[in-house]
Amino acid sequence: MNIADLSIAINNLSTQRTAFWSEADFQFSLAWALQRLLPQSKIYLERRALIGGKACYIDIWVEDNGYIYPIELKYKTKRDKIGVVELKNQSAVDFGCYDYLYDVHRLEQLKQQKMYNLDKGWAVMLTNEPLYYNNTNRPSAYDNFKIYQGAVRGGFLSWGMTSKGIPFNYDKRYNFSIVGTYTMNWGTYNNQGFRYLISEIA
C-alpha cells in the first residue's frame, strides 16, 4: 500500500458519498473503499496498539504484503445540510488543528519504537470548514498548529498567548514535538466544500 492507494480510495469514495454523518461513518466508509481497492489486504478498525507502553487505538489498520499501514482520521464540519446528511457545527478549529498534528506525532512514535513491521502511516482530515485550509493571516494562540494550505509543520509545537496577552487555556492539550517536516497540501474532495489533507509518516 502507498499514498497513491489512499488518495485513490478517497477519490473513489467521493463519487459515492458527498458527506458523512460522523467520523465513525467516514472511518467505516474509507476502510471499505480501501478493502475494495486492495482486496488482498487485511483491514481492521480501532486496532489496539502500544505507544510508549500505553494502549491506544488506531482508526484504520491495514496489513498488506507483510507490512503495517496505520491511518488516523479526523472529520470536522461546519453546519450544513448536504442531501439527507445534516452536518453539525463543531467549531474549535484550534483544537481540531492540534488534534490532527498530534495524530502525526503518535504515528511517528508508533513507527520509531519498531514494535510493529510498520512501513508508512498517514494522518487524514476531511472537512468543509474553510478555517482549516485557508490562511486567515490573523495571529492567534494556535499559530504553531495551523494546517492551512502550504503551512509547514515540524519540530517543537507550542501554544501561544491570547489576544489579551495571557496564556491560552489548552484543555490538557500539551505542547509536543514532531520529528519530520510536513507541508500541508489540501485536495478537493467534492464541489460541496469538502477538502481533504493527507500527511505521510515515512
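**Exercise 1. Determine which residues of helix H1 are buried, what they pack against, and whether the helix has the expected length.**

Step 1. In this predicted model, Asp5, Leu6, Ser7, Ala9, Ile10, Leu13 and Ser14 of H1 are buried, where buried means under 20% relative accessible area, exposed over 50% and partly exposed in between, with a 1.4 Å probe and protein chains only. Helices (H or I, at least four residues) and strands (E, at least two) are DSSP runs numbered from the N terminus. The model is predicted, and local features need pLDDT of at least 70, side-chain atom pairs count only at pLDDT 80 or more, and totals for chains, interfaces and linings use all residues. Residues are numbered from 1 along each chain as its sequence is written, and side-chain values use heavy atoms, with hydrogens and water left out.

Step 2. These buried residues pack against helix H2 (23–37) and strands E3 (67–76), E6 (121–127) and E10 (195–201), with contact taken as heavy atoms within 4.5 Å.

Step 3. The expected span of a helix is 1.5 Å times one less than its number of residues. For the 12 residues of H1 (residues 3–14) this gives 16 Å, which agrees with the 17 Å between the end C-alpha atoms.

**Exercise 2. Carry out the corresponding analysis for H2.**

Step 1. The buried residues of H2 are Asp25, Phe26, Gln27, Ser29, Leu30, Ala31, Ala33 and Leu34, and their cover includes H1, strand E1 (42–51), E2, E3 and E6.

Step 2. The 15 residues of H2 should span 21 Å at 1.5 Å a residue, and the end C-alpha atoms are indeed 21 Å apart, which agrees.

**Exercise 3. Locate serine 91 and state whether it is buried, partly exposed or exposed.**

Step 1. Serine 91 is in the loop between strand E5 (85–87) and H3.

Step 2. With a relative accessible area of 44%, serine 91 is partly exposed.

Step 3. Leaving aside residues up to four places away in sequence, serine 91 touches Thr77 and Tyr132. The C-alpha atoms of serine 91 and glutamine 16, which are 75 residues apart along the chain, are separated by 26 Å.
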